[in-house]
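Good morning, and thank you for making time for this presentation. I would ask you to keep the structure in view while I speak.

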Amino acid sequence: MLTIFVILFGLFQMCICLIFILIIICLIKDNVTHDVPFIPVRKRALQSVIDSLELYPGSILYDLGSGDGRVLIEAIRRNPEIVALGVENGIIPFLISIIRTHKYPISIKFRKILKQNISNATHIFCYLSDKSLLELQMKIEAECKKGTRIVSCDFQFHGWVPKTTISISNSNDKLSRMLYVYEK
Ligand SMILES: C[S@@+](CC[C@H](N)C(=O)[O-])C[C@H]1O[C@@H](n2cnc3c(N)ncnc32)[C@H](O)[C@@H]1O
């Protein structure tokens, strides 16, 4: 009996170790293959993000690189009549977002942003990087309809003049400092 218990306990410990190693591998892989790390927008900035989007009933909001889903959750809490969609290709943030959003009508796709059709978007939020915004810019130009409202946190689209620039931090925090609001 004791031997069986020791074997089972050993197997259990091995499983925990394997899961832990898998999580570390996924995190390393995500950081090596992405030029944008999983750094969610600060909680203190969420309200400004949602205000700046100016959502209305029927809005179709995409968070491109949706991380743990916090922007979509806040958006749907405050505007239950919108359609909220996320696109995320980091395995860890994707899994976290699936758990966090399960009780909301939010759809999150595990895929690359460039593989997602965004032609029906009325609103787009992104918190990416200079390089990713260059690629996204071409996609928005090719796919999105006139009037689509785009809010980018901390990074500006090259050559586009923002309709509004909103400062969202007056502390020393270098993240979640600015929102750049564009309209196609
Ligand atoms: C800075 S985080 C922002 C997360 C979320 N939008 C927020 O504001 O809390 C950027 C996220 O974009 C994801 N990401 C980066 N490049 C991507 C790509 N090409 N396709 C899908 N997701 C991507 C990363 O995995 C990361 O979770």
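Let me begin with one residue pair: C153 stands opposite L179 in strand 7. Please bear in mind that this is a predicted model. The pair belongs to the junction of strand 5, residues 149-153, with strand 7, residues 178-183; five bridges join these two strands, and they run antiparallel.

On its other pairing, strand 5 is joined to strand 4 by four bridges, and here the strands run parallel. In that pairing C126 is the residue opposite S152 of strand 5. To get from strand 4 to strand 5, the chain passes through helix 5, residues 130-143, in a right-handed β-α-β crossover.

How do the residues of strand 5 point, and are they buried or exposed? R149, V151 and C153 point one way, I150 and S152 point the other way, and all are buried. Because five of the five residues are buried, strand 5 is largely enclosed by the rest of the structure.

I now turn to the sheet as a whole. It is an open sheet of seven strands, in the order 3-2-1-4-5-7-6, and its pairing is mixed. At the edges are strand 3 (106-110) and strand 6 (164-167), each of which pairs on one side only. From one strand to the next, the twist averages 15°.

Next, the helices that lie on this sheet. Helix 3 lies across strand 1 (60-64), strand 2, strand 3 and strand 4 (123-126), and runs at about 180° to strand 2. Helix 4, residues 91-101, also packs on the sheet: it touches strand 2 and strand 3, and its direction makes about 165° with that of strand 3.

Which residues of helix 3 are buried? They are R70, V71, L72, I73, A75 and I76. Their cover includes helix 2 (46-53) and helix 4, together with strand 1, strand 2, strand 3 and strand 4.

Helix 3 also leads us to the ligand. The ligand is surrounded by 23 residues, of which the closest are P40, V41, G65, G67 and G90. The elements that give two or more residues to this shell are helix 3 (70-78) and strand 2 (83-88). By class, the shell holds 11 nonpolar residues, seven polar and five charged.

To close, I return to two elements. Strand 5 is paired with strand 4 in parallel and with strand 7 in antiparallel fashion. Helix 3 lies across four strands, namely strand 1, strand 2, strand 3 and strand 4, and gives residues to the shell around the ligand. Thank you.

Technical notes
Residues numbered from 1 in each chain as written. Predicted model: local features only at pLDDT ≥ 70, side-chain atom pairs only at ≥ 80, totals over all residues. Near = placed C-beta within 6 Å. Nonpolar A, V, L, I, M, F, W, Y, C, P; charged D, E, K, R; others polar. Pairing = 2+ DSSP bridges. Axes fitted to C-alpha atoms, helices over the stretch in contact; angles between N-to-C directions. Contact = placed C-beta atoms within 7 Å. Buried ≥ 20, exposed ≤ 12 C-beta atoms within 10 Å, placed from the backbone. Right-handed = clockwise from strand over helix to strand, strands pointing away.
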